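Please look over the sequence and the model shown here before reading on. The report that follows takes up one strand, then one chain, and then the contact between chains.

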Amino acid sequence: MKDELFTMTPDLPGMAPEMVARWQEELRRNALRMKHFSEMIMNPKEPEIGPTPREELYRKNKSRLYRYESKRTIKTPLLFVPNLGISRPYIFDLMRKGSFIEHMTERGFDFFLVDWGVFGPEDNDLTFEYAATKILPRMARKALEASGAKEISVLGYCMGAPLSLSWLGSTPEFPLKNYVDMAGPVDFSKIGLFGLWLDPRFFDADKYVDTLGAIPADMVKMGFKLLKPTMDVSTNLNLWWNLWNPDYVAGFTALNKWANEYLPFPGEFFRQWVKEFYQQNKLIKGELRMDGRPVRLESIRCPVLAVGAKEDNIAPPDCVRPLVHAVSSSDTEYVELPGGHISLIAGRGASVHCWPKVASWLEARS
Amino acid sequence: MADQAGAQQLFDLWKKQVEEGTRAWLKMAGQGQSPDPQAFWRPFMDQGMQAWSKVMTQGQPSPDLMAQWKQFLDQWIAAWSKVLEQAMGTESFAQAMGKQLEGFLNQAGPVKKAAEQHIEATLAGLGVPSRSQVVGIAKQIIALEEKIDAVDDRLDTMLKRLEELTAAVRKDRA
């Protein structure tokens, strides 16, 4: 009966049959929009996130190391280091057929993910240095032990890139096979709006941390929303436009859950992150020290791939690209792909442009 | 025909309002150089005009109107986004934001401290552990975990050494 309703072709005088069919299609879409909208309001479904099977390999305080199920046909394991705070890492394994991790494990990578976790007031003393020199190396060692490999590739996404580079640049003896920087800022003089807003002339990081202790999730959310104030309007407009399509609705529900789940920053971590990276740009200048050791990007000699996103306003391409010139590797590549900071790694565009590129580059060198 | 002229007038009025609004907005944001709102609005306005005249002149109503309206809104949002980005990318905006944040911190700091002291005193009076005491215990657990990890690391190193030594001794004996 439902199908008949939409396939009936009334004979409208003066209107061409093709036009009638197109109006019918438009009406069908509107009926579906109403149906899906009422379902979203009356009976909202919790999206199924993180579908790729995994095991917890190691835990330290709030942080976890996960190993994903895979055929493990590729010899060198891969350690994925995402951002600490801001957002949850399930964006990388958002949904079936829409997951970077699923793509990589299907290609045969032995995939390890660092989930930094959600920090509370008891973690306010945790510094960037501690995360980079105490937590990360231990995670990497556990991953190496579990895989039985002698070397490991590291992939840093967003803040995960400066975090992992701070560790790797200060420990040249670590058996690093390949390094991939995905939308990770390296030269903070070209970081865009955040760089301007966090300029020491306008932003007193010490006062901020001393007063608030930690950076609340709401503050983090406000900062990111301000970066693109029209984002919510265009997201909702696109939702309305595609609301007839159940696949789009499923994807939107999962992404929307993630996009509204902001995480706080430990206070001391934020202080060091803002002062030494955003305000003093120490990483690219070679002035950064971690655990008493200098961080030298030129001590990285393995193959390096840097991936920038054309419309990234959090880590613009200009602040990602300098990595390939700062390392001493003879095998370096920089690619700029379509999309923004998130759509570089999540979504349909990512599955076409970014995932195959990163997987193929690593495959050839693993 | 009269409808078309009326619609055109309305569109012109709206366009004028948007331009004036943009100028005022940028002026408020303390933009140094003279802004050119036309640069942002022109592409979507041209397309909007085209879509408008098409709708007005075509014979039968077409569902394409919906797609054109969506496109129009997309361009409108994109234009706003560029205007806001330009305004927010100025030093005066960053300075204003910094001042506002400082004002907030100046007010929030003493209020937060007073509230914490008051809550601590109330909870102590009731014999209930306060937030800072719970946080203190959590910190001790974290420090303990760190010590266990350090012992674990040393054990790993010693085991590795032991294995190497055992292998060397076996090799010698063989």
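A residue is called buried if 20 or more other C-beta atoms lie within 10 Å of its own, exposed if 12 or fewer do, and partly exposed in between, with the C-beta atoms placed from the backbone. Helices (H or I, at least four residues) and strands (E, at least two) are DSSP runs, numbered from the N terminus. This is a predicted model, in which local features need pLDDT of at least 70 and side-chain atom pairs count only at pLDDT 80 or more, while totals for chains, interfaces and linings use all residues. Residues are numbered from 1 along each chain as its sequence is written, and chains are lettered from A and ligands numbered from 1 in the order in which they are written.

Strand S11 of chain A, residues 304–309, is mostly covered, since 6 of its 6 residues are buried. Val304(A), Ala306(A) and Gly308(A) point one way from S11(A), whereas Leu305(A), Val307(A) and Ala309(A) point the other way, and all are buried. Two strands pair if DSSP finds at least two bridges between them, and S11(A) has the pairings set out below.

| Partner of S11(A) | Residues | Sense | Bridges | Bridge partners |
|---|---|---|---|---|
| S7(A) | 176–182 | parallel | 4 bridges | Asp181(A) and Ala306(A) |
| S12(A) | 332–337 | parallel | 6 bridges | Val304(A) and Thr332(A) |

Chain B has 5 helices and 0 strands, and read along the sequence it follows the pattern α-α-α-α-α. Buried residues make up 6% of the 174 residues in chain B. Confidence is given as pLDDT, the predictor's value for each residue from 0 to 100; the mean for chain B is 79, and 64% of its residues reach 70 or more. Among the elements of chain B, helix H1 (residues 2–28) has the lowest mean pLDDT, 62, and helix H5 (residues 131–173) the highest, 92. Where pLDDT is low, the predicted coordinates should not be read in detail.

How many residues of chain A are in contact with chain B? Counting two residues as in contact if their C-beta atoms, placed from the backbone, lie within 7 Å, 27 residues of chain A are in contact with 26 residues of chain B. The elements that give two or more residues to this side of chain A are helices H2 (17–42), H6 (193–197), H7 (205–212) and H9 (231–242) of chain A. For the complex, the predictor gives an ipTM of 0.81 and a pTM of 0.83.
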